[in-house]
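Visitor: Please take a close look at one part of this model, the way its helices pack, and then follow that part into the spaces and loops around it.

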Amino acid sequence: MADIEREAMEYDVVIVGAGPAGLSAAIRLKQIDPDCNVVVLEKGSEVGAHILSGAVLDPSGLDALIPDWKAKGAPLNVPVKEDNFYMLGEAGQLRIPNFPMPPLMNNHGNYIVSMGNVCRWMAEQAEAMGVEIFPGMSCSELVYGDKGEVKGVVAGEFGKNSDGSMGDAYEPGMELHGKYVFLSEGVRGSLSKQVIAKYGLSEGHEPQKYGLGMKEIWEIDPAKHREGTVTHTMGWPLGGNAGGGSFIYHLENNQVYVGFVVHLNYKNPHLFPYMEFQRFKHHPMVADLLKGGKRVAYGARAISEGGYQSMPKMVAPGVALLGCSVGMVNVPRIKGNHNAMLSGKAAAEAAMRAIRAERSGDELNDYETEVRTGAIGRDLKKVRNVKPLWSKYGLVASLVGGGLDMWANTLGFTVLGTLKHGKSDAESTEEAAKHAPITYPKPDGTLSFDRLTNVAFSFTNHEESQPPHLTLKDPSVPVSVNLPKYAGPSARYCPAGVYEFVQEEGKDTRFVINFQNCVHCKTCDIKDPAQNIVWTTPQGGDGPNYPNM
Ligand SMILES: Cc1cc2nc3c(=O)[nH]c(=O)nc-3n(C[C@H](O)[C@H](O)[C@H](O)COP(=O)(O)OP(=O)(O)OC[C@H]3O[C@@H](n4cnc5c(N)ncnc54)[C@H](O)[C@@H]3O)c2cc1C
């Protein structure tokens, strides 16, 4: 496949990913110069199809980008009215009052939104300004220039056979070249990962940390629906087994977002994040809310949790990383969309300054300075010790210590400095023999569901004749190393049931990758203890088809 000839198209800026970061960059470029040539490429079948967020949106990013968003009809329809925080035990709950929380934790002034719908609206704004947006186009490769700079991407390759050869309907795709390329792929972007490795961008920074976020949309009994209510819980069922917690957001139309995040630095490989989520819904407080309702959608996505100290260098020759491709989530607030938007705006401004000075293909250092020292850096710096405290000392210590540290940072001083994360999430996994297996109750089919039934509600679809987009560096490792040492954790950490160890009498154990189920959460690429699984893009348009996640 080495000699494929592709047509090339030239742009000022090529943007990979139509999430809040990429779309904000596109809009800002056109605001500054309506003649700027901008293209946005999105692997989802439509903009929003792969967007999964909570989401309580802090509108500060949108305010900075499109101050008249209300007049322009942005779908921010549900202001937060009530904010609750509970510590759960198996049979009951304790409400933590809001007053000891630092002001940054307050959700008043924020909106409960579908980020999928917000992105669809942003795409309409961008297209009206002349941005070219191509959904159904996976960017599968980077294109390098003569000086080693990133000068573009390959997008839209279709029709390979399952063995990687060219099928009858093979389309080689196109090269899209830009003076600058923005990678706004979200968490653990597949091209971003290559750029970080090639240019050594994470040297001198802490490893990125992640959580796995799973989410269902429920339509509930109108009598129980309280539009604008935000509830967060911690404690049961995870207890000391892993960090994480839940969110329950009441949006419009009697719908509720029910979500659960498990920090991926858990040690016990027997832990089954998906089943923890299912078990959580049987807590009396949650079960009471959902009883009589129905689950209408399901999805999962990793969330970046490393924060300030884990942001890699975000520029290299010709390329800038935006939003969660860098990792800009404020962990205690569980919010990254506002920073994704602000990063898109900052990258666009830096690129326009460079293009006007007739530069191209170099490093947009002004962008990085703005992220680290501007609104994004200030937002993330205040909370930088919450995650390391939680990882080292557990939930209670992090609530007390992290709370005090956030207060101190809010008041302008620091006691702890900047704590380190230490190990990556893959390295945190310990051998199975050191831990007791965990028994999970069987899903009841009413409140809780088995994985494959739920995956059907992500509306995910992958053309089966293509090569699996989940590749193994060494195909022997799952059975020869991960199964005996870690009890085959991929069979549990994947929230879509992609990985299976098939044991048939008289035959060797086989490792099966059901790539058709993949919801593009990237957990396998992050958590595999051997770092042997590599997530690559399937052909464009494949993957989940989320309605209003
Ligand atoms: C469960 C969960 C709950 C969250 N809750 C909240 C919340 O309540 N509030 C909040 O503010 N934040 C929340 N976040 C964080 C927030 O979702 C992220 O910070 C935000 O999505 C980052 O935006 P982004 O544009 O960088 O990436 P994304 O939103 O991930 O968008 C990336 C886009 O790029 C596309 N893409 C990726 N790779 C390619 C490729 N190679 N080729 C073509 N297209 C590609 C993807 O399909 C996607 O559409 C939550 C996250 C999760 C997982």
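Guide: Helix H7 and helix H8 (residues 365-373) pack at an angle of about 150°, and their axes lie 8 Å apart (axes are lines fitted to C-alpha atoms, for helices over the stretch in contact, with angles from 0 to 180 degrees between N-to-C directions). The two helices are therefore roughly antiparallel (over 145 degrees; under 35 is roughly parallel, 65 to 115 roughly perpendicular, the rest oblique). Helices (H or I, at least four residues) and strands (E, at least two) are DSSP runs, numbered from the N terminus. This is a predicted model, in which local features need pLDDT of at least 70 and side-chain atom pairs count only at pLDDT 80 or more, while totals for chains, interfaces and linings use all residues. Residues are numbered from 1 along each chain as its sequence is written, and side-chain values use heavy atoms, without hydrogens or water.

The crossing of H7 over H8 is right-handed (the near helix is turned clockwise from the far one by less than a right angle; anticlockwise is left-handed). On the H7 side the contact (heavy atoms within 4.5 Å) is made by Ser343, Ala346, Ala347, Ala350 and Arg353, and on the H8 side by Asp366, Tyr367 and Glu370. By class this contact has four nonpolar, one polar and three charged residues (Ala, Val, Leu, Ile, Met, Phe, Trp, Tyr, Cys and Pro are nonpolar, Asp, Glu, Lys and Arg charged, the others, Gly among them, polar).

H7 also packs with H1, at an angle of about 40° and with 7 Å between the axes. That angle makes H1 oblique to H7. This crossing, too, is right-handed. H1 brings Pro20, Ala21, Ser24, Ala25, Arg28, Leu29 and Ile32 to the contact, and H7 brings Asn337, Ala340, Met341, Ser343, Gly344, Lys345, Ala348, Glu349, Ala351, Met352 and Arg356. The residues of the contact divide into ten nonpolar, four polar and four charged. Ser343 is thus listed in the contact of H7 with H8 and in that of H7 with H1.

H1 (residues 20-32) has a further partner in H3 (residues 115-128), with an angle of about 20° and axes 10 Å apart. That makes H1 roughly parallel to H3. H1 passes H3 in a left-handed crossing. Pro20, Leu23, Ser24 and Ile27 of H1 meet Met115, Cys119, Met122, Ala123, Gln125 and Ala126 of H3. Eight of these residues are nonpolar, two are polar and none is charged. Pro20 and Ser24 appear here as well as in the contact of H1 with H7.

Both H1 and H7 (337-356) also border an enclosed space: along with strand S2 (38-42), strand S14 (210-219), strand S16 and strand S18 (294-304), each supplies at least two residues of the lining of the largest cavity. S18 gives the most, with four residues. About 810 Å³ of space lies in this cavity, and 50 residues line it, with Leu52, Gly186, Val187, Arg301 and Cys324 closest to its centre. Its lining has 24 nonpolar, 19 polar and seven charged residues. On a 1 Å grid over the protein atoms alone, a cavity is a set of points where a 1.4 Å probe fits but cannot get out, a pocket is an open set with protein on both sides within 12 Å along at least five of seven lines, and lining residues have an atom within 4 Å of a point. Volume is the space filled by probe spheres on points joined across faces, edges and corners.

S16 (244-250) also contributes at least two residues to the lining of the second largest pocket, as do strand S5 (82-88), strand S15 (229-235), strand S17 (255-263) and helix H10 (386-410). H10 gives the most, nine residues. The pocket holds about 840 Å³, and of its 39 lining residues Phe85, Met101, Met105, Met234 and Pro332 lie nearest the centre. By class the lining has 21 nonpolar, 14 polar and four charged residues.

Met87 lies in S5. Beyond its neighbours within four places in sequence, Met87 is in contact with Gly92, Gln93, Leu94, Ile96, Met234, Gly235, Leu395 and Leu399.

Some backbone details remain. Ile334, in the loop between strand S20 (319-321) and H7, has a positive phi of about 45° although it is not a glycine. In the loop between S15 and S16 sits Pro237, whose peptide bond from Trp236 is cis, with omega near 5°. Gly54 and Ala55 are joined by a cis peptide bond with omega about 0°, and Ala55 is in the loop between S2 and strand S3 (56-57).
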